[in-house]
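Colleague: I am new to reading protein models, and I would like to go through this one slowly with you. Could we take a few questions in turn?

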Amino acid sequence: MNSHEPFMQRALELARRGEGLTRPNPPVGAVLVRNGKIIAEGFHKTAGSAHAEVNCLKKISGDLKHTMLYVTLEPCSTCGKTPPCTDLILQRKIPRVVIGAKDPNPVHAGRGITILRRAGIEVSTGICRTAAEELVAPFAKRILTGLPFVTLKLGVTLDGQIADSSGKSKWITGAPARRRVQELRRRVDAILVGAGTVRADNPSLLPRPAKGRKPWRIIAGGAIPADSAVLTDEAAERTIVTRAPPEDILRDLGGRGIMHVLCEGGGELSGALIRAGLVDELLIFMAPAILGGAGIPMFGKRGWMLDDMPQLVFNDVERLGEDILIKAAMSKV
């Protein structure tokens with residue numbers, strides 16, 4: 001392991017505390033190191049508040065000439081709601097900065113690094129790059145395309161069913177899988193489901209416990225009962241019911257600053273998102289159970305021919321109690 005990696009991994013761990021809280025800004029973490037020991041740390045907590053570098057450096061005073069600052073994302077170099085972090089780094093005379101990922105915004109990419117290097121600061125980049133870029137992938141997707149990053153989550157049986165013939169789906173997967181879904185809900189900015197899911201299950205779609213998260217809830221499709229939880233609970237003002245096509249829905253959400261959408265089905269909506277090329281990541285929670293017969297398939301009843309079926313890349317498989325979690329992405333080929 002590279003000597004820088006443990007410190008960057010800690011910065012990434014801190015940054016993840018801000019997931020679901022920073023929109024439209026990316027989650028960022030920072031640690032300050034002297035003589036191989038962390039002496040201060042911080043992360044970006046909410047949009048409009050102090051950035052990770054500020055929250056880290058305000059915890060330490062005095063001479064910083066023998067320190068290294070680790071930041072998961074290239075320090076900002078422009079003035080927005082807060083001053084540029086490059087200015088603070090120069091003011092505090094930090095001699096070395098270690099960066100995980102460059103800013104994906106083409107307007108700013110590399111600018112902060114250039115400013116620091118021209119001032120004589122030693123800058124290293126690409127430490128834990130894959131993890132750092134994955135962390136800001138939703139931010140990058142919205143900045144570059146105007147669309148949020150879409151994670152499609154489905155709880156399925158071994159034969160690919162998400163509900164029985166009556167529409168019942170509680171519970172296909174076990175408690176560990178359901179706890180993981182709550183973690184997912186805390187990481188995202190909006191939760192998207194089809195109207196059929198609301199009519200069948202009347203879900204709240206809120207993370208429990210919320211831990212300060214306030215995701216939007218988007219219901220795609222026809223009318224839902226007026227007494228549905230999403231229309232009557234404490235978060236009703238953050239619920240949108242729409243018949244718009246999937247891309248129009250996502251374009252609208254991107255315009256609202258939403259970076260990461262978690263789609264929890266149902267099958268018809270999942271299939272529509274796949275067909276439209278709008279899915280970035282699939283999380284399939286698979287139970288060791290079989291429904292068979294006339295159950296509801298995970299991607300709806302409209303399928304593909306063998307020659308044009310969508311191709312996936314499996315990235316990871318994880319055991320969750322009796323279930324397994326398959327992490328996949330759409331193939332680029």
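Colleague: Which element of the chain has the lowest mean pLDDT?

Modeller: This is a predicted model, and its chain averages a pLDDT of 93, with 99% of the residues scoring at least 70. Among the elements, strand β11 (residues 260-263) has the highest mean, at 98. At the other end, with a mean pLDDT of 86, stands β13.

Colleague: Is methionine 309 buried, partly exposed or exposed?

Modeller: Methionine 309 is placed in the loop between β13 (296-297) and β14 (312-320), and together with Trp304 and Leu306 it makes a nonpolar surface patch of about 300 Å². Buried means under 20% relative accessible area and exposed means over 50%. Because its relative accessibility is 39%, methionine 309 counts as partly exposed.

Colleague: Which helix gives the most residues to the largest nonpolar core?

Modeller: In soluble globular proteins, nonpolar side chains tend to be buried together. The largest nonpolar core here has 40 residues, and Met8, Leu32 and Leu69 are those with the most contacts inside it. The helix that gives the most to this core, with six residues, is α1 (residues 5-16).

Colleague: How many residues does the other core have, the one that includes Val156 and Leu253?

Modeller: This other core lies apart from the largest one, and Leu192 and Ala220 are also among its members. Its number of residues is 29.

Colleague: Which residue just after α11 takes a positive phi?

Modeller: Helix α11 spans residues 267-275, and its buried residues include Leu269, Leu273 and Ile274. Just after this helix, a positive phi of about 70 degrees is taken by glycine 277.

Definitions and conventions
Residues numbered from 1 in each chain as written. Predicted model: local features only at pLDDT ≥ 70, side-chain atom pairs only at ≥ 80, totals over all residues. Heavy atoms only, no water. Patch = residues over 30% accessible without salt bridge, like charges linked within 9 Å, V, L, I, M, F, W, Y side chains within 5 Å. Areas by Shrake-Rupley, 256 points an atom, 1.4 Å probe, with all protein chains shown as cover. Salt bridge = Lys/Arg side-chain N within 4 Å of Asp/Glu carboxyl O. Helix = DSSP H or I, 4+ residues; strand = E, 2+ residues; numbered from the N terminus. Buried < 20%, exposed > 50% of the residue type's maximum accessible area, 1.4 Å probe, protein only. Core = buried A, V, L, I, M, F, W, Y, C linked by side-chain atoms within 4.5 Å. pLDDT = per-residue confidence, 0-100.
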